[in-house]
Amino acid sequence: MSQFLTEITRQTNNPIWPLFDKICSIPHPSKHEQALADYITNWAQSQNLAVKVDEVGNLIIKKPATPGMEDRKGVVLQAHVDMVPQKNEDTEHDFTTDPIKPYIDGEWVTATGTTLGADNGIGMASCLAVLASTDIEHGPLEVLLTIDEEAGMTGAFGLKQGLLDGDILLNTDSEQEGEVYMGCAGGIDAGFNFSIEREIAASENTTKKLIIKGLKGGHSGCDIHTGRGNANKLLARFLAGHAQQLDIQLIEIRGGSLRNAIPREAFASVSLPQENVAKLELLFTQYTDILKAELGSVETDLVSFIEDSQDDSQVFSKASQQRLIAALNACPNGVIRMSDDIQGVVETSLNLGVITTEQNSVRALCLIRSLIDSGRSQVESMLSSVATLAGAKISFSGAYPGWKPDADSEIMGVFRDMYQGIYGHKPNIMVIHAGLECGLFKEPYPNMDMVSFGPTIKFPHSPDEKVKIDTVDLFWEQMVALLKHIPKKA
């Protein structure tokens, strides 16, 4: 038994935690889920459960109804297998080989320097806990564990008709206890490609590295409205203001690592005349003060500094650099529009998530999210215009639909009544500005009734990710009660 599991079982006997602890011990970042999928397959077979792996790698596990519940509508419990691999720059961790190490921090469970994988590991563990149970009342049950949700929703896109028998799907990928979701945003990836010409830097120049780090980052949907800084945008802003003044020429610019995570860190290697170094240091210090004044109430750990660099690569030509910096500075980012229909919910947003430099090109990846197709199209048009003005190429890929709310959802009514019966008040019925797989499931299974719920998870997609312990108990209590109250078949 791990130290974490020993400590958590002193607080609660919730069956989710041993399974989550096991999930953490098996590396499973997006695109590298096979080891965990194999473990779950073998585990389910040891429980005498029927397991199927579909053609894209999704797991489907079936469990018969408990005695007396055979007449209930079939339920599909759903989670995704993969986790977001994010770590701090100074953390040594290989997500493909190293286990996640959870620990208790007061009322929360978190991990050291990396994402925890509570998104969606807690939901996945809850599905397995139901499968393992011998005392939970439920009708015909299926568990669907999809692959690659965080990096393209490959599993959800690949799900075919005829594999699932259930009438109701319970998605476990929500992140706020007390809220139940009946709709979500759709999205699309946007990729800029800037062609870069290089030249030899002046022999008297010196090289420096500009660094912005310590930002909170987070989920590019759920956290996009919180006022957090985007490191890529902050670095582009400084360069737009001072590159020409200081005769800076870029050697490399990079920042962020996932298009669906708000960038926490950004770096630029630059060449400039030695006589301008002192001015650069002064201006960068002043810029740091400006950022702290603007963002300090949110970004309490923001730091920016300059390091010596030995990068002897050729610099960007001035024309290439001007086009790139102008485009990155002008690129929209953050909340584009709030919803008129749902108070407090973002309608349309954009995240400038990743910047990478190759020898002759710079690549920038963005994720557009919107509750409405026209909102997504508007941002696509804006980015296309930026690309045209900057002489860059842009491509759009991986579009996925939103999940349109169903005002007549039977399972939403069952959840609402169940929740009120336990706690004496109704849950908040919400639409989430994030990409749940439910919209994609509606393609092969248009008549499936769906809701999404889960425990409170803060700062997903960042190394600050944490899950609140007592809400995992509430989540499990709701899961057990909901399965007991599934309606009978017509």
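# A tour from L170 outward

Begin by selecting L170, which, once its neighbours within four places in sequence are set aside, is in contact with V75, V76, L77, Q78, I411, V451, F453, M479, L482 and L483, contact meaning heavy atoms within 4.5 Å. The model is a predicted one, in which local features need pLDDT of at least 70 and side-chain atom pairs count only at pLDDT 80 or more, while totals for chains, interfaces and linings use all residues. Residues are numbered from 1 along each chain as its sequence is written, and side-chain values use heavy atoms, with hydrogens and water left out.

Next, add W17 and L77 to the selection: together with L170 they touch the most other members of the largest nonpolar core, which has 65 residues. Such a core is a set of buried Ala, Val, Leu, Ile, Met, Phe, Trp, Tyr and Cys residues joined through side-chain atoms within 4.5 Å; buried means under 20% relative accessible area, exposed over 50%, and partly exposed in between, with a 1.4 Å probe and protein chains only. Helix 4 (residues 118-132) gives this core its largest share, nine residues. A second, separate core has 50 residues, among them A236, L239, L383 and A390.

Stay with helix 4 and centre on N120, which is found there; the peptide bond joining D119 and N120 is cis, with omega about 5 degrees. Then move to the loop between strand 6 (141-146) and helix 5 (154-158), where D148 has its place. D148 is not a glycine, yet it has a positive phi of about 60 degrees, and it is buried, with a relative accessible area of 2%. M153 lies in the loop between strand 6 and helix 5 as well; its phi is positive, near 55 degrees, and its relative accessible area of 4% makes M153 buried. For context, most residues other than glycine have a negative phi, and most peptide bonds are trans.

Select helix 10 (residues 410-423) now; helices (H or I, at least four residues) and strands (E, at least two) are DSSP runs, numbered from the N terminus. At 1.5 Å a residue, its 14 residues should span 20 Å, and the end C-alpha atoms are indeed 20 Å apart, the expected span being 1.5 Å times one less than the number of residues. At its N-terminal end, S409 acts as a cap, with a side-chain oxygen 3.1 Å from the backbone nitrogen of M412. The buried residues of helix 10 are I411, M412, G413, V414, F415, M418 and Y419, and they pack against strand 7 (168-171), strand 8 (179-184), strand 20 (428-432), strand 21 (449-452) and helix 12 (469-484). Just after the helix, G424 takes a positive phi of about 80 degrees.

For the next stop, select helix 6 (residues 231-242), whose twelve residues reach 17 Å from first C-alpha to last, close to the 16 Å expected. Nine of the twelve are buried, so helix 6 is largely enclosed by the rest of the structure. Its buried residues pack against elements including strand 11 (205-213), helix 7 (277-295) and helix 8 (318-330). N230 caps the N-terminal end, a side-chain oxygen lying 2.9 Å from the backbone nitrogen of N232.

Finally, zoom out to the whole protein, whose secondary structure comes to twelve helices and 23 strands. Its C-alpha atoms fill a box of roughly 85 × 50 × 45 Å along the principal axes, and 59% of the 490 residues count as buried.

How values were computed
A polar contact is a pair of N or O atoms within 3.5 Å; within protein, one must be able to donate a hydrogen and the other to accept it, and residues adjacent in sequence count only if both atoms are side-chain atoms.
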